[in-house]
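Me: I would like to learn how to read helix crossings, ring pairs and burial in a model. Could you take me through them one by one?

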Amino acid sequence: MEGRAFVVFQQLLDTVFQKAFGEPLSPLSHSRAQALSWYIEEDTGCRLSYKTLVNYADAAVACRQERINPTVTTLNILVNYASDNASSRPLTAWWSYLRTHLQMAEDTGS
């Protein structure tokens with residue numbers, strides 16, 4: 001994952017953490033990773049491995065974008081969980097989320 005997309009990915013994970021735990025993005029313990037995996041599955045009907053979630057959180061917190069390469073399917077699941085709805089276009093949720101956040105950053109000059 002590269003540059004600006006990684007920053008949006010970090011923001012997405014932060015939103016996921018806020019929804020699941022009511023706190024900002026941080027490294028995941030084994031038990032919290034399992035809980036997050038369960039929350040996502042309950043909400044979206046799709047399962048993400050707790051080990052994958054640990055790796056993503058660790059990479060996002062450490063700003064190590066080269067350590068991860070999530071699939072679009074995984075990103076769609078995270079967006080659908082974070083957005084509190086099953087997107088009417090679940091296979092394009094990530095691209096819409098990315099485009100929106102990049103445009104917002106451009107509009108604010110970030």
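Reply: Happy to; we go through ring pairs, then a buried residue, then helix crossings. This is a predicted model, where local features need pLDDT of at least 70 and side-chain atom pairs count only at pLDDT 80 or more, while totals for chains, interfaces and linings use all residues. Residues are numbered from 1 along each chain as its sequence is written, and side-chain values use heavy atoms, with hydrogens and water left out.

Me: How many aromatic pairs are there, and by what rule?

Reply: A pair of aromatic rings is described by the distance of the centres and the angle of the planes. Rings of Phe, Tyr and Trp (its six-membered ring) pair if their centres lie within 6.5 Å; planes under 30 degrees apart are stacked, over 60 edge-to-face, and the rest tilted. Here that rule gives six aromatic pairs. In one aromatic pair, phenylalanine 9 and tyrosine 56 sit edge-to-face, at 5.5 Å centre to centre with 85° between the planes. This pair links distant parts of the chain, 47 residues apart: phenylalanine 9 belongs to helix α1 (residues 3–21) and tyrosine 56 to helix α3 (residues 50–62). Helices are DSSP runs of H or I with at least four residues, numbered from the N terminus. Elsewhere, Phe17, Phe21, Trp38 and Tyr39 make up one aromatic cluster.

Me: Is serine 37 buried or exposed?

Reply: Buried means under 20% relative accessible area, exposed over 50%, and partly exposed in between (1.4 Å probe, protein chains only). Serine 37 has 8% relative accessibility, so it counts as buried. Its place is in helix α2 (residues 30–44). Beyond neighbours within four places in sequence, serine 37 is in contact (heavy atoms within 4.5 Å) with Arg47, Leu48, Ser49, Tyr50 and Leu53.

Me: At what angle do α2 and α3 cross?

Reply: Axes are lines fitted to C-alpha atoms over the stretch in contact, and angles run from 0 to 180 degrees between N-to-C directions. The axes of α2 and α3 come within 8 Å and cross at roughly 110°. The two helices α2 and α3 are therefore roughly perpendicular (65 to 115 degrees) to each other. His30, Ala33, Gln34, Leu36, Ser37 and Ile40 of α2 meet Tyr50, Leu53 and Val54 of α3.

Me: Which residues make the contact between α4 and α5?

Reply: The axes of helix α4 (residues 72–82) and helix α5 (residues 93–108) come within 7 Å and cross at roughly 70°. From α4 the contact takes Val72, Leu75, Asn76, Val79 and Asn80, and from α5 Ala93, Trp94, Trp95 and Tyr97.

Definitions and conventions. Parallel < 35°, antiparallel > 145°, perpendicular 65-115°, else oblique.
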